[in-house]
Amino acid sequence: MFSSAAIQEIEDIRTKYPNARAALLPAIYVAQREFGWLSPEAYEAVADLLNVPKATVRGVATFYAMYKQKPMGRHLIQLCTNVSCMILGAERLVDFLKSAYGVEPGGVSPDGRFSLVIMECIGACGTAPAMLVNDDFHENLTEKNLQEILEKYK
Amino acid sequence: MITVTINDREIKLEKAMTVLEAARSAGIKIPTLCYHEQLERYGGCRLCLVEVEKMPRLQTACTLMITDGMVVRTETEQIADVRRGILEFLLINHPLDCPYCDKAGECDLQDLVEKYGPGKGRFKEKKRKVPESLQDPVIVRNMERCVMCTRCVRMCEGPQGASAIAVISRGGHSHIEPFSGGRFDCEYCGNCVSVCPVGAIMSRLHRHSYRPWQVKEQHETVCPYCGVGCTVVAQVRDDVIKRVIPKLGSAVNNGMLCSRGRFGYEFVGDKDRLTVPLIRQNGALAEATWEEAITLVAKKLGEIKSAAGSESIAGIASPRCTNEDNYVFQKFMRAVIGSNNIDTTARTGYAGAQSFIENIFGQGSTANIISGLANSDTVMVIGGDPTTVNPILGLQIRACARRGGNILTIGDFAGLSKFGPTKLLPGKYTETVVLEAIVTALREKKGLSGSNGPLETRIKDISVAVADATAKCGVPEKQLSAFVDLLAGAATFSLVIGKEVVQSTGGSYKLLLLAAINYLANGRIYMLTEKANEQGALDMGCAPDLLPGYRPVAFPEFAKKYGAHWHAEISEKPGLNLFAMIEAAEKGSLKALYVMGENAVCNIPNSGRVEKALKNIDFLVVQDIFLTETAKLADVVLPALSWAEKEGTFTNMERRIQRVRKSVQREGMEDWKIVAEIAKNMGYGMEYASSEGVFHEIARVSPLYRDLTYEDIAKGENIYPYKGEPLRDVKEDIQVDTASAAVSAGKLYLKIERPLFHSGTLSTRAASLRNIYPQAVARISSATAKALSLTEGDVVNVRTKAGSLSLFIAIEKNGDSSAVEISNNFESKGAFRLADYTLDQVTKAPCIDAVEISIEKVIA
Amino acid sequence: METVLLKNIENPNSADITEYKKVGGYRSIDKALGMEPQQIIDEVKRAGLRGRGGAGFPVAMKWTFASADPKFPKYLLCNADEGEPGTFKDRPILEKNPHLLIEGMVISGHALKAEYGYIYLRGEYPAAKHILNAAIKQAYDSNLLGENILGKGITFHLAVHQGAGAYICGEETALIESLEGDKGQPRIKPPFPVNVGVFSKPTVVNNVETLSNLPYIIEVGGEAYAKIGTPDCPGPKIFCVSGHVEKPGVYELPMGTKLKDIIYTHCGGIKNGKKLKAVIPGGISTPVLPPEKIDCAMDFVNMPKNGSMLGSGAVIVMDETVCLVKVCHRALKFFEHESCGKCTPCREGTGWLRSILGRIESGEGADGDIETLLAVSANMLGKTFCPLGDGAASVVQNFIKHFRPEFEEHIKAKKCVVNG
């Protein structure tokens, strides 16, 4: 069940479009935030609110890589390993994250602090390697400054 | 005229279409996989790529529209290469399951690879692995075989409109599954099974039990369940129905089926089928021979007729039996027994409502083609969810919505909720005032044309202002006015009326108001019809006051005329209807009752009362295919052949006569044959060589079916008004019953659930339908559950004046908080056990909307 | 050439409306709203503006089709999905010059008589979302968006719609599907979006950079604009350079600047004194070039003659330390991940190609693998529903075309011959 604040948020979003269905992608983001991830309950809440069949909601949501189909850590690391980042050492950073925090691509660290998702180019190729942590961009990464950056995310 | 050249052949087309359709019209084959004529074009499989002059890339024939002068090639070396390549792609992850897969022999992929595909594979990588899914009771998924044609999803989202399955994820990770990932929990129409080209989605009912080439016979017949009368094809091996499939292009359902039609056939071969007659001896039913049973029935009926008179004997025919069965039965009652005490359970709603409407608009005014609903611009629904009672009719309403039509409902119908309905939700018992307000406003907007005097007389003074209606029913003024505006603006209006209206207090008055709305909006009426041959039973004269073809018995000229046909004297005295029979049995004036094909105890309210009444009868004969609750009370039980084992005809709610065809050979006699044997034993000759012979007589005797033959029916000359003109018999004065009921605060009321997966009690004998919906439950809203501290899985006792039942509860999120909804399909746990009633004075239908019900938790 | 698109971005407050106006922003909107829609289209035609998303379609032609359609309302969609690997040219505009885009969209909306605009912004740009929303609010507050803009009777509503991680949504019909609340799977064409687009109405989809050119075109006029760049491809272009160069980043240069000059003159050449090995000139989907082919003008006409494409102008520079088998493999991992799954060749082929390349990279390549790669990609090229499949196939074909010996050695040695 959505909180009334979330319902209001989605209703406000809905006014930007001529029909309720177009609000589906933004509504799924709200559900992801409210429920932590897109559980069956989250899907049903969106389906009921926008009057879209729940199988359809799940089908649409699972199409997109940034909607989370399982519980996440407290902080989401989205690290790019596409070509520009790869040739500038992004893969070493993936290994580093595994050894330093115990988090693997697609997984959550044992202490629940970080989850790691590998990205397909986040538009920071000129300052590669780069990552997003939650909504923050971090560029020109090295093993050293990576550790410093992640310190801030408790 | 559009001229295209395909493979150097010039083809002229009159209308716009795709290259694929143009090619097909000329007999040119282009391979396809994702294309299906009932579905929106997709262009995904790429098998239909063809060369089009002046276009740089190959084009998919299924998506490209033809233009004048287009030149197309479909058979070049490059195209052959492309087809090989596409099929190679489809095979790289496809398991080599052919020897084991149920689809082998009718698999599109097999056929395509055999014709166009590569001889060898070059794929050396790891194949995708997906485990088989047996979590669903009727549908099995082997998704490794899936070729992502998405026909199943497009069928479910499109023509079916249920949106129960979806493609999850994307790219090579795409997989199709229902929301839960396991059980479908859907409408179980199985239309996804119909369109799957490979063995990915299949029915469990015939799993691993035969190969398509072993099916030596298949028979086109009519579904035995509801009044839509879908064409179904029964595929048979060794006298067992292996599978029932639809037929693309068939009348009425055009290749679509519902859960009952598709998965409900297993009752035919069920081990509990009656095989030998039973005679009660020393209080218990014991096996007997046909000779013993027939002789006994003939003897007893003869004795009772002599001793107590013809009028002490009654007969109940069946809306599940064929026209031939019903005709012979009423002839037996009239010509042999000499009584007009004949009726069917159509009396519980369909009969009275239809004659009421036809009184106003003429015979055949409810005989409207079901597919026409999809072409309406406005459809109004009241009194029942069409998607559960007559599912294929419900699909037409969904199609109407998809095409931009307006769906208006009075009430909340789950099956239409995703189709943008404009809903009015009046408080309990205030429907009438809402209808009055609508009639008032609509009449003021549109005026009276003068073409139906009696109706106009009745409605010209109805005057309820919207504001007053709002005050009484709780529907906001704006909503009510908007609803009326939509009705007023309708160009092609259809009105769908369900049983709840007919079985409610003041039902006939509501029917008048609905007739008025239909009249003012210039529409046509559809009445939801629960059983396959309700219409036919009435056509055959299974009514106490009507002879076959709706001639009244009370008119001497008709009694004489039919008497001449039947070489007997026909009584002119109208007989007892269904409810009067029960009363007479209670009183003791009814001494004998012959029940054919009907589970009277379960299908007539109030079950406890009916049971008691039947026990009071001296001689009860029950003819059926199972030992039902009613049969268990009989003195003689006669086993009949089922719907799949005989020839005959059904007449559906469109008044379309269709052929029921024998699929399975079984020892025994058709219902009409058993009746004929009894007649013979009573000294009255009924010699019919076959069902067709019976139909010949019907065509001679009934003015309605005059001169029709089985060939006519097969040819399609079976649409009302058949070969003649309908009777127009509009009475001067329209009677109504204006009884009303009032809510007692804080009380709960009984509501009858009409589920999608069951129809009467017959469907509970079909194992797979039972697997989908296994037992009766008491459905309550989450508010009611909270108030009574009930949680899912609790057992409760529900109690009314008529009786009590012990049931599991089911909590419905958006349920009606004033009701406890219970189905009437499970024999010992039917809602009619709880339903006492009053009769509508005009339609004679039972009003069961005012049954107070209490509910309390059973502490284990 | 004066800086047009990346003007003022060194200013940390460049995204603020006051700062934008200080450097001349929102003057063009005033001028444009006084013009007739057809006049603006004519000016754009004179300017020779071509789409900057990668296809290079003449903007005035697309707009003319949409204008001619009788259906209303019309929609202008800004494609800010910037998903082509190597591309980061729109991000500086979105994050640092959002008002330029907004001004460009209002002008374009007026030209199209479109009342509604959406910026389809990729989900991977959360900062841009906040900045754009703030800028849009500032514009609404200054009567530069909404009803009766600047009192001139023009209405244009603008909102940001965020994507959720799907490269395919950069394709215009997939973008429209996503905006409507569905999966981003491309649609059958015809009908084209200019006739039946979002919500079944005439829709124009243009790239961020394309729309951001409008204020300047209105300011100096189409003829003057066309003096920048080349006659076939006029105007400024943001090139975004990444990889092994001294100074990677965004460079606003005239269309037609030579690739060689971009790498050596503007970006300072290969870093750490290494040798150039390969260049991908316009984003991962464009054919890779060997060093001997970089003396070519970067525009829509000359690059195809040179065996590649301008694409998004995203230059990825790879030095001698890069294993091209690994790069090719990684590229196919990308395409496999981003395939929408609708059509057979792309859905099955991208995975097949990726798997073979993976085996080769990890030392499990076998004889015949290269032939299979070429055959499978040939079965994809031209057979797929949309160009994503073409991109994947062409990547494989071009890497093998120019660097086949490296693949053969990698297979024979059963390990990477570049990095041991």
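So, the surface of chain B: about 32,500 Å² is exposed, and carbon and sulfur atoms supply 49% of that. Those areas come from the Shrake-Rupley method with a 1.4 Å probe, and for residues only the protein chains shown count as cover.

Quick housekeeping: this is a predicted model, where local features need pLDDT of at least 70, side-chain atom pairs count only at pLDDT 80 or more, and totals for chains, interfaces and linings use all residues. Residues are numbered from 1 along each chain as its sequence is written, chains are lettered from A and ligands numbered from 1 in the order in which they are written, and side-chain values use heavy atoms, with hydrogens and water left out.

Now the inside. Of the 860 residues in chain B, 62% are buried, meaning under 20% relative accessible area with a 1.4 Å probe, protein chains only. Chain B has 27 helices and 36 strands; those are DSSP runs numbered from the N terminus, helices being H or I with at least four residues and strands E with at least two. Its C-alpha atoms fill a box of roughly 90 × 70 × 65 Å along the principal axes.

Okay, one helix to look at: α17 of chain B, residues 507-520. How much of α17(B) is buried? 14 of its 14 residues are, so the helix is largely enclosed by the rest of the structure. On length, 14 residues at 1.5 Å each should span 20 Å, and the end C-alpha atoms are 20 Å apart, which agrees; the expected span is 1.5 Å times one less than the number of residues. After α17(B) comes Asn522(B), with a positive phi near 55 degrees.

Technical notes:
Buried < 20%, exposed > 50% of the residue type's maximum accessible area, 1.4 Å probe, protein only.
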